[in-house]
Amino acid sequence: MTEETITLEIFRYRPEREEAPAFQAYEVPCRKDWVILDALNYIKDELDGSLSFRWSCRMGVCGSCGMMVNGTPVLTCGAFLSSYRPGPIRVEPLANFPVVRDLVILMTDFMEKLNRVHPWLIRHEEQPVSAGEYLQTPAQLAEYKPYSMCINCLLCYAACPVYGLEPTFIGPAAIALAQRYNLDSRDEGFRQRTDVLSQDDGIWECTFVGECSTVCPKGVDPAGAIQRYKLTAAVAWWKHFLLPWQRGT
Amino acid sequence: MSHRPRYRRYQPRLYQRRMPIFWWVHRAAHIRFITRELTSVFVAFGALELLFLVRALGQGPAAYAAFLAWLQTPVALILNAVTVLMLLFHSLTWFNLAPRALVLHAGGRRIPDAAVRGLNYAAWVVVSAGLAGLLLAT
């Protein structure tokens with residue numbers, strides 16, 4: 001019995017050879033337990049060793065293997081070939097980012113933006129070690145935990161038309177991670193982050209398309225995080241406007 | 001000299017893609033989003049119409065009667081019918097999105113999304129009923 005196959009149309013860009021990218025078709029076995037990443041590894045090992053793509057954990061944790069599959073950003077380690085039968089399946093690098101080679105994008109812009117939102121715990125004054133740990137109740141943990149699930153896979157940036165049209169926009173994941181720390185009971189850095197995120201390229205740039213939350217493989221809901229941040233920032237601004245002598249946190 | 005930089009080893013020549021003008025026509029979610037954004041035009045129209053009505057009222061009975069006569073023309077009737085539909089779409093989608101932005105707590109527990117949505121709808125009904133009562137009483 002011959003094995004069922006499926007065609008992958010893959011975005012190829014080899015800057016040392018080609019001026020412009022083109023699609024190349026490969027036929028791979030359509031095995032029941034294979035995901036698109038398995039098919040890419042099959043192509044690399046058996047058909048064309050020049051194909052370049054990023055991957056690492058194969059279990060939806062590292063966030064390296066995000067690509068556009070039939071126009072939708074997905075983690076290719078979690079997208080089964082059988083769901084795309086009979087094909088063909090079009091695989092492209094994540095949208096809205098410059099392409100380095102084939103399916104590899106340049107993520108420098110995101111790394112710079114992530115750094116700008118201070119994604120770490122900020123304290124005005126550290127308590128001495130002798131005072132013990134900063135304790136937290138389960139309810140306080142639940143406040144920020146959903147946002148801490150972000151794996152920086154950048155699918156949300158690829159799904160965000162605002163980022164595509166206005167590349168200066170800080171973007172969904174960076175703002176969701178800012179919220180992760182803002183909502184942490186141990187953190188005191190809301191003002192610092194809001195100084196960055198209330199600029200033109202921050203939270204107010206978001207028009208609530210909502211696709212970032214739809215494509216998020218970890219259920220982070222960056223769109224909700226941004227809208228929630230808008231409300232908190234607006235309340236903080238009014239408080240500061242009406243009661244300027246009171247310093248907010 | 002070529003406009004495109006030559007590829008040199010370890011210095012990648014990046015391929016930059018651009019969003020097409022009609023980026024929003026390929027996905028149903030994007031079409032819904034653009035439709036919702038466009039409904040804002042009708043929200044603005046409704047607000048302007050109300051302001052012109054108030055201005056006509058201030059200008060005297062003749063101006064007010066002329067404005068009411070315009071409101072009864074087929075063009076105004078169709079425009080207002082479309083505006084009502086668009087405002088309903090705008091309001092309903094807004095109320096459904098409200099729990100994403102409004103996270104409330106009571107007694108140390110988070111108020112469920114359905115309750116936040118329900119409170120918004122309830123406030124809408126109460127304000128609308130109040131306004132209707134005020135208008136019908138005069």
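1. Start where the two chains meet. The charged end of B:Arg17 sits over the ring of A:Phe11, 5.9 Å from the ring centre. Note that this is a predicted model, and every value below is computed from it.

2. A:Phe11 also belongs to a group of rings. Ring pairs link A:Phe11, A:Tyr13, A:Phe23 and B:Tyr15 into a cluster. Three members come from chain A and B:Tyr15 comes from chain B. Look for another charge here: A:Arg90 lies over the face of A:Phe23, 3.7 Å from the ring centre.

3. Now take the contact between the chains as a whole. Here 21 residues of chain B touch 35 residues of chain A. Together the two chains bury about 2400 Å², and 57% of that area is on carbon and sulfur atoms. Which residues of chain B supply the most? B:Tyr15, B:Arg17 and B:Arg100 supply 28% of the area that chain B buries against chain A, more than any other three residues. We have met two of these names already: B:Tyr15 in the ring cluster, and B:Arg17 over A:Phe11.

4. Next, chain A by itself. Its secondary structure comes to nine helices and seven strands. The C-alpha trace spans about 75 × 40 × 30 Å along its principal axes. Chain A has 249 residues, and 48% of them count as buried. Consider its contacts with a sequence separation of 6 or more: residues 24 or more positions apart account for 65% of them.

5. Five strands of chain A form an open sheet. Their order is S2-S1-S5-S3-S4, and the pairing is mixed. Strand S2 (22-29) and strand S4 (72-75) stand at the edges. Each has a single partner strand, so one side of each is left without a neighbour in the sheet. Neighbouring strands are turned by 35° against each other on average, direction ignored.

6. Zoom in on one edge of that sheet. A general point helps: strands of a sheet pair through backbone hydrogen bonds, either parallel or antiparallel. Which way do S3 (residues 66-69) and S4 of chain A run? They run antiparallel, joined by four bridges. To find the place in the model, start at A:Gly66, which stands opposite A:Leu75 in S4(A).

7. A helix crosses this sheet. Helix H1 (residues 36-47) of chain A lies across strand S1 (5-12), S2, S3 and strand S5 (89-92) of the chain. H1 runs at about 95° to S2(A).

8. Back to aromatic rings, over all chains. A search of the whole structure finds 17 aromatic pairs. Take B:Phe22 and B:Trp24 as one example. Their ring centres are 6.2 Å apart and their planes stand at 55°, so the pair is tilted. Edge-to-face would need an angle over 60 degrees. B:Phe22 is exposed, with a relative accessible area of 53%. B:Trp24 is partly exposed, at 26%.

9. A second pair in chain B deserves a look. B:Phe95 and B:Trp124 are also tilted, with 5.2 Å from centre to centre and 50° between the planes. Why does this pair tie together separate parts of chain B? B:Phe95 lies in helix H3 (residues 74-101) and B:Trp124 in helix H4 (residues 113-137), so the pair links parts that are 29 residues apart in sequence. B:Phe95 is buried, with a relative accessible area of 12%. B:Trp124 is partly exposed, with 30%.

Conventions
Residues are numbered from 1 along each chain as its sequence is written. Chains are lettered from A and ligands numbered from 1 in the order in which they are written. This is a predicted model: local features need pLDDT of at least 70, side-chain atom pairs count only at pLDDT 80 or more; totals for chains, interfaces and linings use all residues. Side-chain values use heavy atoms; hydrogens and water are left out. Rings of Phe, Tyr and Trp (its six-membered ring) pair if their centres lie within 6.5 Å; planes under 30 degrees apart count as stacked, over 60 as edge-to-face and the rest as tilted. Buried means under 20% relative accessible area, exposed over 50%, partly exposed in between (1.4 Å probe, protein chains only). Helices (H or I, at least four residues) and strands (E, at least two) are DSSP runs, numbered from the N terminus. A charge sits over a ring if NZ of Lys or CZ of Arg is within 6 Å of the ring centre and within 35 degrees of the ring normal. Two strands pair if DSSP finds at least two bridges between them. Axes are lines fitted to C-alpha atoms, for helices over the stretch in contact, and angles run from 0 to 180 degrees between N-to-C directions. Contact means heavy atoms within 4.5 Å. Buried area is the accessible area (1.4 Å probe) that two parts lose on being put together, summed over both.
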